[in-house]
Amino acid sequence: MSNHNVNDVKPTSLNRMIGQSAVIEQVRVALDASHMDGQKFPNALMVGPPGVGKTQLCHIIAAEMASDVHECLGSTLSNASDLFALLLAAKDKDVVYIDEIHSAPKKDIFVTLLLAIDQMKVVLSGKNRSPQSLPLANFTLLLSTTEEYLVPRPLSDRCMLLRLGYYSNEELTTLLLNRVRSLGWDIHEEILPQIAQRSRGTPRLGLRLLQSCFRCCRSEGESTITTRHLLRACELEQLDELGLGPTEQQYLGIVAEGPTRLNVIASRIGLPSRTVSEVTESFLIRAGLIGKDEQGRRCLTEAGHRHLSESQ
């Protein structure tokens with residue numbers, strides 16, 4: 001086995017990217033127009049849940065444009081000076097990528113970005129000096145977020161919107177198969193749809209489980225990943241057939257007793273109510289396993305009852 005980590009190989013061109021067909025077509029048209037006119041790629045805001053390929057898409061765009069990437073997390077921009085350094089390092093047609101832009105702690109970050117893309121300059125100021133304007137290169141600003149509502153409209157309205165969504169099990173199976181072949185791993189391909197089914201529509205989770213299967217295989221000194229290794233990986237990570245972890249399984253067990261209020265569920269699980277509503281419940285609702293009654297109590301759906309009976 002030549003590679004030992006699922007991230008040792010990644011798609012580097014748009015043609016190699018699986019899923020997100022509408023977004024890929026948007027990007028393809030923008031790339032073709034940029035190449036035809038000799039212009040930079042347009043500024044863009046990538047929106048979508050965690051783990052569906054926003055950062056990967058940024059690097060593919062940069063590779064297609066033969067441009068350098070200057071990237072950071074929004075939360076690391078503690079003040080405008082941090083942003084100045086990032087923007088001033090970029091050359092014409094380079095990509096400046098800010099991941100999780102909504103986590104930028106200060107409003108002046110957004111003001112600086114607006115000035116940068118509108119007037120291609122930054123303004124340096126200090127206590128003992130007058131403001132100094134510095135020109136910027138004609139770079140591409142790529143932003144990504146999981147919380148679209150936290151990005152100021154004046155900024156998002158100036159960007160092409162790329163909305164990424166969850167993957168189908170078929171898309172995930174193809175993605176996993178391509179990755180396995182690129183890695184040079186031996187695997188019984190019939191387990192790939194089973195990994196996809198446990199991935200919640202999220203490539204990052206599918207690749208993580210694939211890596212766990214690989215670890216289980218190599219821990220036994222074997223070189224071919226089989227169903228036994230998948231089952232062992234799921235046992236170690238306490239995942240059921242839908243990829244539900246222990247907390248979600250406990251949640252379903254509580255709600256199976258009857259309609260239950262959120263604060264009661266949170267108390268019994270031992271987590272803050274907000275964590276339960278924003279993290280634990282999100283996939284359970286999306287998968288149609290739970291619903292809410294008129295009093296806002298959580299209740300098991302028919303699909304939820306069926307999943308519990310099948311997993312016991």
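This report describes selected residues, side-chain pairs and one helix in a predicted model.

## Salt bridges

The structure contains 16 salt bridges, and a few of them are described here. Side chains of opposite charge can pair when their charged atoms come close.

In one of these salt bridges, lysine 91 is joined to aspartate 94, with 3.3 Å between the closest N and O atoms. The two partners differ in their exposure, since lysine 91 is partly exposed at 44% relative accessibility, whereas aspartate 94 is buried at 4%. Both residues also belong to a network of salt bridges that links Asp68, Lys91 and Asp94.

Aspartate 118 and arginine 158 are likewise joined through their side chains, in a salt bridge with an N to O distance of 3.0 Å. Aspartate 118 belongs to helix 4 (residues 107–119), while arginine 158 is found in the loop between helix 5 (153–156) and strand 7 (160–163), so this pair ties together parts that are 40 residues apart in sequence. Aspartate 118 is partly exposed, with a relative accessible area of 46%, and arginine 158 is also partly exposed, at 39% relative accessibility. A further salt bridge connects arginine 297 with aspartate 293, where the closest N and O atoms are 2.7 Å apart; arginine 297 is partly exposed at 28% relative accessibility, and aspartate 293 is partly exposed at 22%.

## Aromatic rings

The count of aromatic pairs in this structure comes to 1. The pair is formed by tryptophan 185 and phenylalanine 214, whose rings are stacked, with 4.2 Å from centre to centre and 15 degrees between the planes. It links distant parts of the chain, 29 residues apart, because tryptophan 185 is in the loop between helix 6 and strand 8 (186–187) and phenylalanine 214 is in helix 8 (residues 203–219). Tryptophan 185 and phenylalanine 214 are both buried.

Another ring, that of tyrosine 166, has a charged group over it: the charged end of arginine 286 sits there, 3.4 Å from the centre of the ring.

## Two buried residues and their surroundings

Leucine 172 is located in helix 6 (residues 169–183). With a relative accessible area of 1%, leucine 172 falls under the 20% limit and therefore counts as buried. Apart from neighbours within four places in sequence, the residues in contact with leucine 172 are Tyr167, Ala196, Ser199, Gly201, Thr202 and Pro203. The C-alpha atom of leucine 172 is separated by 8.5 Å from that of glutamine 197, a residue 25 residues apart from leucine 172 along the chain.

Asparagine 43 is found in the loop between helix 1 (21–37) and strand 1 (44–47), and with a relative accessible area of 12% asparagine 43 is also buried. The side chain of asparagine 43 is joined to that of lysine 40 by a polar contact of 3.5 Å. When neighbours within four places in sequence are left aside, asparagine 43 is in contact with Ile117, Phe139, Thr140, Leu141, Arg158, Cys159 and Met160. One of these contact residues, Arg158, is the arginine that forms the salt bridge with aspartate 118.

## The two sides of helix 13

Helix 13 spans residues 302–311, and its buried residues are Gly304, His307 and Leu308. These residues lie on the same side of helix 13, because they cover an arc of only 95 degrees around the axis. The elements that cover the buried residues of helix 13 include helix 10 (246–255) and strand 11 (298–300). On the other side of helix 13, Glu302 and Glu310 are exposed.

## Positive phi angles in loops

Alanine 66 has a positive phi of about 55 degrees, although it is not a glycine. Its place is in the loop between helix 2 (54–64) and strand 2 (69–73), where alanine 66 is exposed, with a relative accessible area of 73%.

Glutamine 238, which is likewise a residue other than glycine, has a positive phi near 55 degrees. Glutamine 238 is located in the loop between helix 9 (227–237) and helix 10, and at 49% relative accessibility glutamine 238 counts as partly exposed.

Key. Residues numbered from 1 in each chain as written. Predicted model: local features only at pLDDT ≥ 70, side-chain atom pairs only at ≥ 80, totals over all residues. Heavy atoms only, no water. Helix = DSSP H or I, 4+ residues; strand = E, 2+ residues; numbered from the N terminus. Buried < 20%, exposed > 50% of the residue type's maximum accessible area, 1.4 Å probe, protein only. Contact = heavy atoms within 4.5 Å. Salt bridge = Lys/Arg side-chain N within 4 Å of Asp/Glu carboxyl O. Phe/Tyr/Trp six-rings, centres within 6.5 Å; stacked < 30°, edge-to-face > 60°. Lys NZ or Arg CZ within 6 Å of the ring centre and 35° of its normal. Polar contact = N/O pair within 3.5 Å; in protein donor to acceptor, adjacent residues only side chain to side chain. Arc of directions from axis to C-beta.
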